[in-house]
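I opened this entry to look up how some helices and strands sit against each other. My notes follow the structure.

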Amino acid sequence: MSLLEVKQVKKYFPVTAGFLIRRDVGYVRAVDDVSFEVNEGETLGIVGESGCGKSTLGRVILRLLDPTSGEIWFDGEDIFKIKRRELRRVRKKLQIIFQDPYSSLNPRMTVGQIIEEPLMLHRIGDANERQVRVRELLGVVGLNPSYISRYPHEFSGGQRQRIGIARALSLHPKMIVADEPVSALDVSIQAQVINLMEELQEKFKLTYLFISHDLSVVKHISNRVAVMYLGKIVESAKTDELFKNPLHPYTKALLSAIPIPNPDKEHLKKRMVLVGDLPGSMNPPPGCAFHTRCPMAIADCKLAVPELREVLPGHKVACIRV
Amino acid sequence: MGNELTPLLEVKNLAISFFTDHGEIRAVDGLDFSLGSGQTLGIVGESGSGKSVTALSILKLILPPGKIVSGEIFFEGRNLLTLSDSEIGHLRGNRISMIFQDPMTSLNPVFTIGAQIAEAVTIHQKNSHHDAKKRAMEMLEMVKIPEAASRYDAYPHQLSGGMRQRVMIAMALSCKPILLIADEPTTALDVTVQAQILDLLRELQGELNMSTILITHNLGIVAEMCDEVLVMYAGREVERAPANDIFYHPRHPYTVGLLTSLPRLDDRGESRLVPIPGQLPVMKAKASSCTFAPRCKMAQPKCTESEPPLYSSGKNCESRCYFWDQVIVQR
């Protein structure tokens, strides 16, 4: 059964002009008609380059941003229909970990206060019980419980990310949206945090939506992967299938662009280098947004937006050339 | 490697410290390496391992509280550290150039990109404005900026990250340097753009016969670009070897740790990653034991008693580990 179902979600940001009289002159289509589902206990990886809308998508799912249109069903409820005051009830089950472990922790609060805050907001336990829970959580994420009265600046990046994870776990969530949780970390520390997330998933039966620009990390942690380009999902499939048999030209280009730490394989590899940069999402190219950089583009690509269709069991692609 | 007779660059016993309120911090300690002409040396290590400071020291760009405490840096037979500011000024951007990580902060926002490239040419080549402009235009074409002529008058904020990095490269190469220092040149870029920039760098390197020092934390880029690799840990060299040896026969547990902690596109993806426990130490005193021992799975009592010397671990290979011949990749 799917725990999270995202249906035709759009998030447009208005672009305004004028000084005293502001008017909308256009929209940035950060997320443009995205649909997918996440099953209980699985990890869905969302990959794409900066500006493709993957972080906006994560925030819309938690309703940290209000969507322009669409539906999101989480655990049997349409999140967009819930009243603001009642959101807290849903967020107890749906938590987020942010990218930057430096700016996502309040520097004036101790680690104990940071992790305890969600418990207080939800009126769980008394002061003593909460202290016990905070210490337990620190242990769970591999930090010494005696760190409880220290401040965030006393910790390294990897340790701060552990604090962020402990905070997200404090309410026993069912699902965690992880927005680039390891991008700011060095490789050796990155591996520690990835392993921790995998252990916690097994222990607490967590479901992850794992947002990252790093295909290798996504490949490692995800069961299924969706690739985004300019606000749309262009391909999604089971992880093995997607990496063995990428069908969309953008996915192929992304895969071939990643340098592999193995000189022989690296020198044998035929690289598909894309020309140009990501076009702005304010005026996306007509038709398939990728056609400006696509080596396989034909005239028809400019005509209509290709729909995401299932070409192999569980493997969806939005490309008319496939 | 390469030209064994007279290396283009030779760094001997380099030590750089930062004198902070909390005492001296040894960012780089006793580093030796050399670079032949036309070669690419990769310097890898985690943040805080001293790789960027090493790069900056070659151009004498270390600012207080940092200080080059000791060492010699020979470039074309001259010791850079004894040169006066004006002498080093003649080399910077001319014979030796540098590309920085962040193209947004290293370009001047109030000048057009054309003017910034032409400035370097005017200063070093003593060209007229007209010639400098022509040269700047050529450079913009060389780094494949589309519609180079119309972009000459663009300001940095009008360009994307990848284009800005191309401008940085154009500027760095405008005086045909023979040594290029690239400090994380693609870290701020998306992978598809990174691939473009790496391709461009490799192409230009061949064209101009430059030597390159490439500083990166990305082992994939090292595999793609480098002839030789220097692995740094806590300001010390822990391993140096030709790129192939590093990837297939690493001889230091830290190098192994870097390789095994990396999720890779070419593995099965079933196994857990093998992280390196703990974190990088801050070096306040001279190393009296192996700096990596507290995080090392192979550590023995001997490792904490004294620091291992650099052992020759093969042809052109060095490892700072007592047990280099027992290091194996568990994967």
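I began with helix 6 of chain B, which passes helix 7 of chain B in a right-handed crossing. The model is predicted, and I read every entry below with that in mind.

Next I looked up the angle. The axes of helix 6 (residues 161–173) and helix 7 (residues 191–208) of chain B come within 10 Å and cross at roughly 15°. Angles under 35 degrees count as roughly parallel. Helix 6 and helix 7 of chain B are therefore roughly parallel to each other.

Which residues of the two helices meet? On the side of helix 6 of chain B, I listed G161(B), G162(B), Q165(B), I169(B) and L173(B). They meet residues of helix 7 of chain B, including V193(B), Q196(B), L200(B) and L204(B). By class, I noted eight nonpolar, four polar and no charged residues in this contact.

I then turned to chain A. Four strands of chain A form an open sheet with antiparallel pairing, in the order 2-1-4-5. Why do strand 2 (23–39) and strand 5 (77–78) of chain A each have one side without a neighbour in the sheet? Both stand at the edges with a single partner strand each, so one side is left free of a neighbour.

I checked one pairing in detail. Strand 4 (residues 69–74) and strand 5 of chain A are joined by two bridges in the antiparallel sense. Here F74(A) stands opposite E77(A) in strand 5 of chain A.

Last, I looked up helix 1 (residues 54–61) of chain A, which packs on the sheet and touches strand 1 (2–17), strand 2 and strand 4 of chain A. The direction of helix 1 makes about 70° with that of strand 2 of chain A.

Terms used
Residues numbered from 1 in each chain as written. Chains lettered and ligands numbered in written order. Predicted model: local features only at pLDDT ≥ 70, side-chain atom pairs only at ≥ 80, totals over all residues. Axes fitted to C-alpha atoms, helices over the stretch in contact; angles between N-to-C directions. Parallel < 35°, antiparallel > 145°, perpendicular 65-115°, else oblique. Left-handed = near helix turned anticlockwise from the far one by under 90°. Contact = placed C-beta atoms within 7 Å. Nonpolar A, V, L, I, M, F, W, Y, C, P; charged D, E, K, R; others polar. Pairing = 2+ DSSP bridges.
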